[in-house]
Amino acid sequence: MNLFLLFVTISSAWALDCTQIQDSQIFNGSRIFIPGGDGSLQPLPANFNCLYTIKAPANSTSGYSAKVVLRNGLKGANDVIYVVDLQGNKHIMNNKTGIGGEPYEYILPPGTEMSIQVITKSVFMNSMISITVEYHAAKIGPTIEMKTNGEMNFIDVNTLREEGYLYATVTFIGLEPIFWSLASSWENSDIVNCNDCYAIDGIQGNITRILTVSDVISTGQGLTTSNAVTFMTCIDKFFGVVLNTKMEFEGDFILASTAVERSHTNYFSMRALPFGKQIAEEVVNFDGNGIVMTRLNITSPFCKAYVISGPPNNSSVLLTELANITTPYGFDRQYFSILNVNCDFWCFFEQFEMK
């Protein structure tokens, strides 16, 4: 009888292991252990099949990010774990991956979800698993309409971070797909290598594609398929992006951007491209008006390049020809573009305040 009661007790405990995370368990600093315990590997019975759906909920003003740590302790040759991450990528784990509970870590930004399915076969093989989910409050930032005509679209996403929130977000929305580039700078190097900083194609509740910033930089997928892009950051570092309409992106120029920084003299160089291709470099002072070109060296025998007032479109105004600049040369504006038709040069930029 005692053995029978013990079997019933264990069976009941295993039956509860498939319980999903409840809304009441999601709050800032909450830590949830699946299928229970204290975060250490937990035993799995035979004939176990559970699909855990882990969500990072969000609304229009706030939400939660989730840090998910999965430890695989499978021992049965036919036992398996199926993971579908927030990007929809599918991963299969078995007794040859993560032996001994090596942790696999996933970060869910607010408004995303992932699933973990755990399956054991009919023979009990002492397989184990542990899933730890830790929630942190996230600030859902503003939705900004894309400016048109001669105005530049840009933002340092980091300026939206607030104390007490791990993630900060901002969404740009327009009438057509949006192209964005990470503004080249010393300070943006940390964002390039941030695996938990995201550029999401779409808006909260209507996400088309989720990419990390490093994914976009390495693959060149800076053009959205929807008419919106949402940026998310969880580190306190400069995160400067410049955005363009699809029409500007599909114009006659290859688009890129440069940040003029507060604490560094920014070195910038450009060479003429073969086959008649032209470059538009959008230069932005993210902190306010005032950009000075402190040095300019044209290295090609002739130079055909222009400085215009905004992004490369029909509303931009010619400010000067690059070959006519004598340094130091001050621009009493927050941004401009250099259109390089056929010129090799290098220069230095600094921030300054116009008197």
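**Exercise 1. Describe the contact between domain 1 and domain 2 in this predicted model.**

Solution. Begin by counting the residues that touch: 14 residues of domain 1 are in contact with 16 residues of domain 2. Next, place the two domains along the chain, where domain 1 covers residues 27-139 and domain 2 covers residues 143-351. Their centres, taken over C-alpha atoms, are separated by 38 Å.

The next step is to look at the area, since about 1300 Å² is buried between domain 1 and domain 2, and carbon and sulfur atoms give 61% of this area. On the side of domain 1, Gln-87, Ile-107 and Lys-139 supply 43% of the area that this domain buries against domain 2, which is more than any other three residues. Strand β9 (residues 128-139) gives the most to the side of domain 1 that touches domain 2, with four residues.

Finally, ask which kinds of interaction cross the interface of domain 1 and domain 2: the rule finds zero salt bridges there, whereas it finds six residue pairs in polar contact, with both residues at pLDDT 80 or more.

**Exercise 2. Classify the ring pair of Phe-154 and Phe-286, and state which parts of the chain the pair ties together.**

Solution. A pair of aromatic rings is described by the distance of the centres and the angle of the planes. The structure holds 14 aromatic pairs. In the pair of Phe-154 and Phe-286, the ring centres are 5.5 Å apart and the planes stand at 85 degrees, so the pair is edge-to-face; the cut-off needed for this step is that planes over 60 degrees apart count as edge-to-face.

Now locate the two residues: Phe-154 lies in strand β11 (residues 153-156), while Phe-286 lies in the loop between β20 (278-284) and β21 (291-298), so the pair ties together parts that are 132 residues apart in sequence. Both Phe-154 and Phe-286 are buried.

As a further step, look for rings that form a group, and you will find one aromatic cluster made of Phe-268, Tyr-329, Phe-331, Phe-336, Phe-345 and Phe-349.

**Exercise 3. Decide whether Thr-258 is buried or exposed, and describe its surroundings.**

Solution. Thr-258 is found in strand β18, which runs over residues 253-259. Its relative accessible area is 3%, so Thr-258 is buried, given that the cut-off for buried is under 20%.

For the surroundings, leave aside the neighbours within four places in sequence; Thr-258 is then in contact with Ala-183, Ser-184, Asn-266, Phe-268, Glu-281, Glu-282, Val-283 and Val-284. With one of these residues, Glu-281, the side chain of Thr-258 makes a polar contact through the partner's side chain, at 2.6 Å. Another of these residues, Phe-268, is a member of the aromatic cluster described in Exercise 2.

**Exercise 4. Compare sequence separation with distance in space for the pairs Asn-193 with Ser-214 and Leu-44 with Tyr-198.**

Solution. Take Asn-193 and Ser-214 to begin with: they are 21 residues apart along the chain, and their C-alpha atoms are separated by 6.1 Å. Asn-193 has its place in the loop between α2 (189-192) and β14 (198-203), and at 60% relative accessibility Asn-193 counts as exposed.

Then turn to Leu-44 and Tyr-198, which are 154 residues apart along the chain and whose C-alpha atoms are separated by 35 Å. Leu-44 is in the loop between β2 and β3, yet at 2% relative accessibility Leu-44 counts as buried. Not counting residues up to four places away in sequence, Leu-44 touches Leu-74, Val-118, Thr-120, Phe-124, Ser-127, Met-128 and Ile-129.

**Exercise 5. Describe the backbone at Pro-35, Pro-328, Asn-47 and Asn-149.**

Solution. Start with the prolines. The peptide bond from Ile-34 to Pro-35 is cis, with omega near 5 degrees, and Pro-35 sits in the loop between β1 (31-34) and β2 (42-43). A cis peptide bond also joins Thr-327 and Pro-328, with omega about 0 degrees, and Pro-328 lies in the loop between β23 (318-321) and β24 (329-331).

Continue with the asparagines, reading phi for each. Asn-47 has phi near 55 degrees, a positive value in a residue other than glycine; Asn-47 is found in the loop between β2 and β3 (49-56), and at 59% relative accessibility Asn-47 counts as exposed. For Asn-149, phi is near 60 degrees, again a positive value in a residue other than glycine, and Asn-149 lies in the loop between β10 (143-145) and β11.

How values were computed: Residues numbered from 1 in each chain as written. Predicted model: local features only at pLDDT ≥ 70, side-chain atom pairs only at ≥ 80, totals over all residues. Heavy atoms only, no water. Phe/Tyr/Trp six-rings, centres within 6.5 Å; stacked < 30°, edge-to-face > 60°. Buried < 20%, exposed > 50% of the residue type's maximum accessible area, 1.4 Å probe, protein only. Domains from an automatic or database assignment. Contact = heavy atoms within 4.5 Å. Buried area = accessible area lost by both parts, 1.4 Å probe. Salt bridge = Lys/Arg side-chain N within 4 Å of Asp/Glu carboxyl O. Polar contact = N/O pair within 3.5 Å; in protein donor to acceptor, adjacent residues only side chain to side chain.
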